[in-house]
Amino acid sequence: IGLLSGSALIVFSQTLLKRGYSYFSDGIAGLGAGVLYLSLYAAHQYYQLIPSSAAFGGMAIVTASLMGLALGRDSVRIALLALAGGFLTPALLSSGVDAQIQLFTYIAVLIAGLLVLTRHRDWDVLPPLALLATILYYVGWHGQFYRDATHLLPTLAFLTLFFAQFSALSVIQARRGGRLNGLQILLLVLTAGFF
């Protein structure tokens with residue numbers, strides 16, 4: 001019921017957008033996305049109707065759909081919602097075990113989606129928020145699970161990948177605008193510091 005209701009709200013938001021109610025339409029789309037995320041979370045955590053892999057896959061599909069919707073509507077509000085939902089997904093479905101490869105691969109794919117958004121839209125607010133979320137996930141994982149040298153090589157590989165992705169974000173922004181603004185320079189400095 002929740003999945004159908006959330007999907008119906010997103011479809012209905014398109015009707016509102018065609019009538020010229022862009023802010024209200026984005027709000028209804030956000031409500032629909034929230035219902036979808038909540039339904040998948042509850043189906044796994046509270047009712048055990050679906051395994052965590054199905055809930056995770058469903059939330060990833062919702063995030064990807066929201067990114068596509070944000071591009072199509074040119075809506076930074078929906079892009080922010082997609083980013084928030086995407087980064088909250090691993091925390092909501094965490095089992096408390098070390099899943100470094102899966103977690104960091106998912107984050108790398110999420111940042112790749114952000115690269116696509118950045119290539120097509122000039123939304124400067126997204127990369128710093130994504131970097132902050134990435135740092136928080138890394139610090140949280142490191143504090144809880146990094147114990148010995150067996151983690152060193154994959155950890156360095158993922159940190160290098162994250163550094164390359166966030167540096168690429170800055171290059172894309174600089175090529176579009178002709179130069180980097182203060183926020184983009186700060187992003188580069190923080191990226192290098194994190195690395």
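The turns below cover salt bridges and surface residues in this predicted model.

Residues are numbered from 1 along each chain as its sequence is written, and side-chain values use heavy atoms, with hydrogens and water left out. Local features need pLDDT of at least 70, side-chain atom pairs count only at pLDDT 80 or more, and totals for chains, interfaces and linings use all residues.

Colleague: How many salt bridges are there?

Modeller: The rule asks for a side-chain nitrogen of Lys or Arg within 4 Å of a carboxyl oxygen of Asp or Glu. By this rule, the count is 3.

Colleague: How far apart are the closest N and O atoms of D26 and R73?

Modeller: D26 sits in helix α2 and R73 in helix α3 (helices are DSSP runs of H or I, at least four residues, numbered from the N terminus). The two are 47 residues apart and link distant parts of the chain. The closest N and O atoms of this salt bridge are separated by 3.1 Å.

Colleague: Is D26 buried or exposed?

Modeller: Buried means under 20% relative accessible area, exposed over 50%, partly exposed in between (1.4 Å probe, protein chains only). D26 has a relative accessible area of 7%, so D26 is buried.

Colleague: Which residues are joined into one network by salt bridges that share partners?

Modeller: D26 forms a salt bridge with R73. D26 also pairs with R77, closest N and O atoms 2.6 Å apart. R77 lies in helix α4 (residues 76-92), 51 residues from D26 in sequence. The network joins D26, R73 and R77.

Colleague: Why does R77 count as partly exposed?

Modeller: R77 is partly exposed because its relative accessibility is 37%. D26, its partner, is buried at 7%. The value for R77 is 37%.

Colleague: Which residue forms a salt bridge with R121?

Modeller: R121 lies in the loop between α5 (100-120) and α6 (126-145). Its partner lies in the loop between α3 and α4, so the pair ties together parts 47 residues apart in sequence. The closest N and O atoms are 2.9 Å apart, and the partner is D74.

Colleague: What accessible area do Y46, Y47 and L49 have together?

Modeller: These residues form a nonpolar surface patch. Patch members have over 30% relative accessible area and no salt bridge; like charges are joined within 9 Å, nonpolar side chains (Val, Leu, Ile, Met, Phe, Trp, Tyr) within 5 Å. Areas come from the Shrake-Rupley method with a 1.4 Å probe; for residues, only the protein chains shown count as cover. Together they have about 430 Å².
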